[in-house]
Amino acid sequence: MTDSAAPTPRPIHVHERYSSVAPVNAMTVDVEDYFQVSAFERYVAADSWDSMPRRVRANTERLLLLFEEKGVKATFFMLGWVAQREPGLVRDIVAAGHELASHGWSHQRVINQQPDAFREDVRRTRGTLEEISNTPVLGYRAASYSVSLDTLWALDILLEEGHRYSSSICPIRHDHYGIPGFPRFAFCLSDDGILEIPVTTTVLGGRTVPCGGGGWFRLAPYSFSRWALRRVNAEGQPAVFYLHPWEIDPRQPRIPGVDSRTRFRHYLNLARTEKRLARLLDDFSWDRMDRIFGVTAAQDGGDAVRYA
Ligand SMILES: [Zn+2]
């Protein structure tokens, strides 16, 4: 597929249990360490990652504790690189009743990969996660939502490699990613295509803007996130929210030499995020992606999924 022949997305209707007056929303965590984020790519080479103090396990364990306290189950999109080094964390996530999903091996954006290398990356990550966890891995999220019109081939490869859904497209205009005009809610590109579940956005003054976590959650006051997510729910749709373990870690080592814009985006309000997240967990209902969107290994449709 190329950008000259963009297919028409087909919306997927969420089961009525999840799209009633107060939809259940998807809580997701992208399990990567503070030095692996795309914004630091040019400051920290991937081959130096092993020399960096790892904090991903401790931070993720804190999130697991918070989720346990609030009775929330979530989906954890994990890097293969992290899983290989912290297999105990993978098992803790699954033992606590959360969904384990893939975030690729080493946080390479899809736009920087050729199809063969992408397939290899996806296969290796899924294989490693399944081997450690002994549980099927159905979901995939591309690093930095980097599936674009030029890389829609990635969705076919994900399906061929055993994934049942992807959460890799952001329907906004952005210099590094996004497909503006694409659906804001779950869709398939063909009858037998993979289910794509975009991260949550809202429409403000005719513009689609992100409101499903990341930098926006730390930048804007909490009341904005709450207002925006309620608005999405009022459309009868579940929100898909995401955050990273390093976002609740104000004491993480600072990466030297980082430009001021990146520094601002990465380090802003880290000390406030955990508390903010606790409020968010209280103010909305949350569950795992696979349950909300009725995804099963056998691909037998959403009605098999029961939510009590
Ligand atoms: Zn990521």
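Colleague: In this predicted model, what makes the length of helix α7 (residues 222-234) agree with expectation?

Modeller: Helix α7 has 13 residues, which at 1.5 Å a residue should span 18 Å, and its end C-alpha atoms are in fact 18 Å apart, so the two values agree.

Colleague: How do you know where the buried residues of α7 lie around its axis?

Modeller: The buried residues of α7 are Ser 225, Ala 228, Leu 229, Val 232 and Asn 233. Viewed down the axis of α7, these buried residues fall within an arc of 140 degrees, and therefore they line one face of the helix. On the other side of α7, Ser 223 and Ala 234 are exposed, while the cover over the buried residues includes β2 (25-31), β9 (201-204), α6 (215-219) and α9 (270-283).

Colleague: Is Arg 226, which lies in helix α7, called buried, partly exposed or exposed, and why?

Modeller: Arg 226 has 16 other C-beta atoms within 10 Å; since buried requires 20 or more and exposed requires 12 or fewer, Arg 226 is therefore called partly exposed. Its C-alpha atom is 16 Å from that of Gly 236, with the two positions 10 residues apart in sequence, and Gly 236, just after α7, takes a positive phi of about 80 degrees.

Colleague: Turning to another helix, how does the reach of α1 compare with what is expected at 1.5 Å a residue?

Modeller: The 15 residues of α1 reach 21 Å from the first C-alpha to the last, which is close to the expected 21 Å.

Colleague: Which residues of α1 are buried, and what does their arc say about where they lie?

Modeller: Val 56, Asn 59, Thr 60, Leu 63, Leu 64 and Phe 67 are the buried residues of α1. Seen down the axis of α1, they fall within an arc of 145 degrees, so they line one face of the helix. The face turned away from that buried side carries Ala 58, Leu 65 and Glu 69, which are exposed, whereas the buried residues themselves pack against β2, α2 (80-85) and α3. Just after α1 comes Gly 71, with a positive phi of about 65 degrees.

Colleague: What term describes the direction of α1 relative to α3, and why?

Modeller: The axes of helix α1 (residues 56-70) and helix α3 (residues 87-95) come within 11 Å and cross at roughly 10 degrees. Because angles under 35 degrees count as roughly parallel, α1 is called roughly parallel to α3. The contact is formed by Arg 57, Thr 60, Glu 61 and Leu 64 of α1 together with Leu 89, Asp 92 and Ile 93 of α3, and by class it has 3 nonpolar, 1 polar and 3 charged residues.

Colleague: What puts the buried residues of α3 on the same side of that helix?

Modeller: In α3 the buried residues are Leu 89, Val 90 and Ile 93. They cover an arc of only 105 degrees around the axis, which is why they are placed on the same side of α3. Gly 88 and Ala 95, on the other side of α3, are exposed. The buried residues of α3 pack against α1, β3 (75-78), α2, β4 and α4, and α3 is followed by Gly 97, whose phi is positive, near 90 degrees.

Colleague: How do you know whether His 103 is buried or exposed?

Modeller: His 103, in the loop between β4 (99-102) and α4, has 29 other C-beta atoms within 10 Å; as 20 or more count as buried, His 103 is therefore buried. Leaving aside residues up to four places away in sequence, it touches Asp 30, Val 31, Glu 32, Phe 77, Met 78, Leu 79, Arg 141 and Ala 143. The C-alpha atoms of His 103 and Val 56 are separated by 14 Å, although these positions lie 47 residues apart along the chain.

Colleague: Why is Asn 134 called buried or exposed, and why Ser 144?

Modeller: Asn 134, found in the loop between α4 (115-133) and β5 (139-140), has 9 other C-beta atoms within 10 Å; because 12 or fewer count as exposed, Asn 134 is exposed. Its phi is near 60 degrees, a positive value in a residue other than glycine. Ser 144, in the loop between β5 and α5 (153-160), has 23 C-beta neighbours inside 10 Å and so counts as buried, since 20 or more suffice. Ser 144 also has a positive phi, of about 50 degrees, although it is not a glycine.

How values were computed
Residues are numbered from 1 along each chain as its sequence is written. This is a predicted model: local features need pLDDT of at least 70, side-chain atom pairs count only at pLDDT 80 or more; totals for chains, interfaces and linings use all residues. Axes are lines fitted to C-alpha atoms, for helices over the stretch in contact, and angles run from 0 to 180 degrees between N-to-C directions. Helices (H or I, at least four residues) and strands (E, at least two) are DSSP runs, numbered from the N terminus. Angles under 35 degrees count as roughly parallel, over 145 as roughly antiparallel, 65 to 115 as roughly perpendicular and the rest as oblique. Two residues are in contact if their C-beta atoms, placed from the backbone, lie within 7 Å. Ala, Val, Leu, Ile, Met, Phe, Trp, Tyr, Cys and Pro count as nonpolar, Asp, Glu, Lys and Arg as charged, and the others, Gly among them, as polar. The expected span of a helix is 1.5 Å times one less than its number of residues. The arc is that of the directions from the helix axis to the C-beta atoms.
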